[in-house]
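Student: I would like to work through this model step by step, taking each answer from the structure itself. Could we begin with what counts as an ion pair and then go on to the surroundings of the ligands?

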Amino acid sequence: MDKSRRKFLSTAAAATATATMMATTGHTSDRLGHNPDEMFSVLVDSTACIGCRKCEYACNKTHELADHPPAYFEDQTQLQLGRRPQHDAFTVVNAYEDKGAKEGEAYVKVQCMHCNDPACVSACLVGALTKESHGPVMYDTWKCMGCRYCLVACPFQIPAYEYHDVLTPRVRKCTFCTERLHEGKKPACVEICPNEALVFGTRKEMLDIAYGRISANPQRYQDHVYGEYEIGGTSWLYLARADFQTAGLPLLDNQSPAEITENIQHGLFKSFLPPLALYGLLGLIMHTSGQREKSEESTDA
Ligand code: SF4
Ligand code: SF4
Ligand code: SF4
């Protein structure tokens, strides 16, 4: 990176940090006006997951995703590949090391976490992603302009994009089986799970079940429900015996990224520094540092 660009980026970072400091007031815990206790939720108990991949199969069939033969979903070697959800696979199950488990490994299902205060929703400039009051983070193809900011914003790296589709690419991710929820059914993956590794209900019920399992069997679990507080809380919650990062769940702050970025924006407005003025300021800094760079170079020469 050349010197002027490095200077610009460091000055821009300082300007952003200042904006963040200006924006420390106005915090509310229920920013979206929803009641997380009453939202739909799924508890993923990775100590109960047997790695059968039936949830992957049910999701694939329900949403008519990749055209795999049934044998594909019985192939246990797929568990070892550290897969991520894709545009044609809304959920995957991966193995991870768990010394307390039989065979020394456990399994974890991965999909959209349906965050309480989602970064993808905050990043989307056109309202194509929304957090519904009953839990799901929903996507509207018609509003989407394909900017892919949501892909960058998601702390779990979940939204996938149909890069192969030149004419009508969509962002794709777990829908929480919202059509099934409207029909009074459980998500397809939960319904098929044979070992109660997936449990469905309200978020309050899932937290009660999670802490009930922990207190009934403290050797089996970390004393922590992942997703209760991380990034402002998520609708999908996890239990594990090994630490959650070993299971592939990222270490995150409790404050939601959406709240941080919106605080920056509000701080800028509160301080009579609208974004256009900030961009102007950053442009001026870049221009000035470029000029200084040139004059330093001509002095050196
Ligand atoms: S790609 Fe679509 S859904 Fe994602 S942020 Fe851009 S407009 Fe919103
Ligand atoms: S909730 Fe529905 S869309 Fe999401 S992983 Fe389960 S089956 Fe797939
Ligand atoms: S269906 Fe249940 S037990 Fe089977 S892989 Fe999925 S979460 Fe695990």
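Tutor: A salt bridge here is a side-chain nitrogen of Lys or Arg within 4 Å of a carboxyl oxygen of Asp or Glu. Please keep in mind throughout that this is a predicted model.

Student: With which residue does Glu 183 meet in a salt bridge?

Tutor: The N to O distance in this pair is 3.1 Å, and the cut-off for a salt bridge is 4 Å. Glu 183 is exposed, because its relative accessibility is 53% and exposed means over 50%. Its partner has a relative accessible area of 37% and is therefore partly exposed. The side chain that Glu 183 meets is that of Lys 185.

Student: How many salt bridges does the structure hold?

Tutor: Side chains of opposite charge can pair when their charged atoms come close. The pair of Glu 183 and Lys 185 is a salt bridge, and the number that the structure holds is 11.

Student: How many residues apart in sequence are the parts that Arg 83 and Glu 56 tie together?

Tutor: Arg 83 forms a salt bridge with Glu 56, and the closest N and O atoms are 2.7 Å apart. Arg 83 lies in the loop between H2 and strand S2 (92–97), whereas Glu 56 belongs to helix H2, so the salt bridge joins parts whose separation in sequence is 27 residues.

Student: Are Arg 83 and Glu 56 buried or exposed?

Tutor: The term that applies to a residue depends on its relative accessible area, with under 20% on one side and over 50% on the other. Arg 83 and Glu 56, which form a salt bridge, are both buried.

Student: Which residues are linked with Arg 213 in a network of salt bridges?

Tutor: The side chains of Arg 213 and Glu 196 meet in a salt bridge, at 3.7 Å from N to O. Arg 213 lies in helix H7 (residues 203–216) and Glu 196 in the loop between helix H6 (188–192) and strand S8 (198–202), so this pair ties together parts 17 residues apart in sequence. Arg 213 is buried, with a relative accessible area of 19%, whereas Glu 196 is exposed at 54%. The residues linked with Arg 213 in the network are Asp 45 and Glu 196.

Student: Which residue in the loop between S1 and H2 has a phi near 70°?

Tutor: Most residues other than glycine have a negative phi. The residue in question is not a glycine, yet its phi is positive, and its relative accessible area is 1%, so it counts as buried. It is also one of the residues around ligand 3, and its name is Arg 53.

Student: How many charged residues does the shell around ligand 3 have?

Tutor: The residues around ligand 3 include Cys 49, Cys 52, Cys 55 and Cys 193, together with Arg 53 and Lys 54. By class, the shell has nine nonpolar residues and one polar residue, and its number of charged residues is two.

Student: Which residue around ligand 2 has a positive phi of about 50°?

Tutor: Among the residues around ligand 2 are Cys 59, His 63, Cys 174, Cys 189 and Trp 236, and the shell has eight nonpolar, three polar and one charged residues. The residue asked for lies in the loop between strand S7 (171–172) and helix H5 (178–182). Its relative accessible area is 6%, so it is buried. The residue with this phi is Cys 177.

Student: What is the relative accessibility of Ser 46?

Tutor: Ser 46 lies in the loop between strand S1 (40–45) and helix H2 (54–62). Leaving aside its neighbours within four places in sequence, Ser 46 is in contact with Tyr 96, Ala 106, Tyr 107, Val 108, Leu 239 and Ala 240. Ser 46 counts as buried, because its relative accessibility is 2%.

Student: Which residues form a nonpolar patch with Tyr 149 on the surface?

Tutor: Tyr 149 is placed in helix H4 (residues 149–153), and with a relative accessible area of 43% it is partly exposed. The patch has about 410 Å² of accessible area together. The residues that form it with Tyr 149 are Leu 125, Val 126 and Met 145.

Student: What percentage of the residues in the protein chain is buried?

Tutor: The protein chain has nine helices and nine strands, and its accessible surface comes to about 16100 Å², of which 56% belongs to carbon and sulfur atoms. Of the 301 residues in the protein chain, the buried ones make up 43%.

Note on methods:
Residues are numbered from 1 along each chain as its sequence is written. Chains are lettered from A and ligands numbered from 1 in the order in which they are written. This is a predicted model: local features need pLDDT of at least 70, side-chain atom pairs count only at pLDDT 80 or more; totals for chains, interfaces and linings use all residues. Side-chain values use heavy atoms; hydrogens and water are left out. A residue is near a molecule or strand if one of its heavy atoms lies within 4 Å of it. Ala, Val, Leu, Ile, Met, Phe, Trp, Tyr, Cys and Pro count as nonpolar, Asp, Glu, Lys and Arg as charged, and the others, Gly among them, as polar. Helices (H or I, at least four residues) and strands (E, at least two) are DSSP runs, numbered from the N terminus. Buried means under 20% relative accessible area, exposed over 50%, partly exposed in between (1.4 Å probe, protein chains only). Contact means heavy atoms within 4.5 Å. Patches are made of residues with over 30% relative accessible area and no salt bridge: like charges are joined within 9 Å, nonpolar side chains (Val, Leu, Ile, Met, Phe, Trp, Tyr) within 5 Å. Accessible areas come from the Shrake-Rupley method with a 1.4 Å probe; for residues, only the protein chains shown count as cover.
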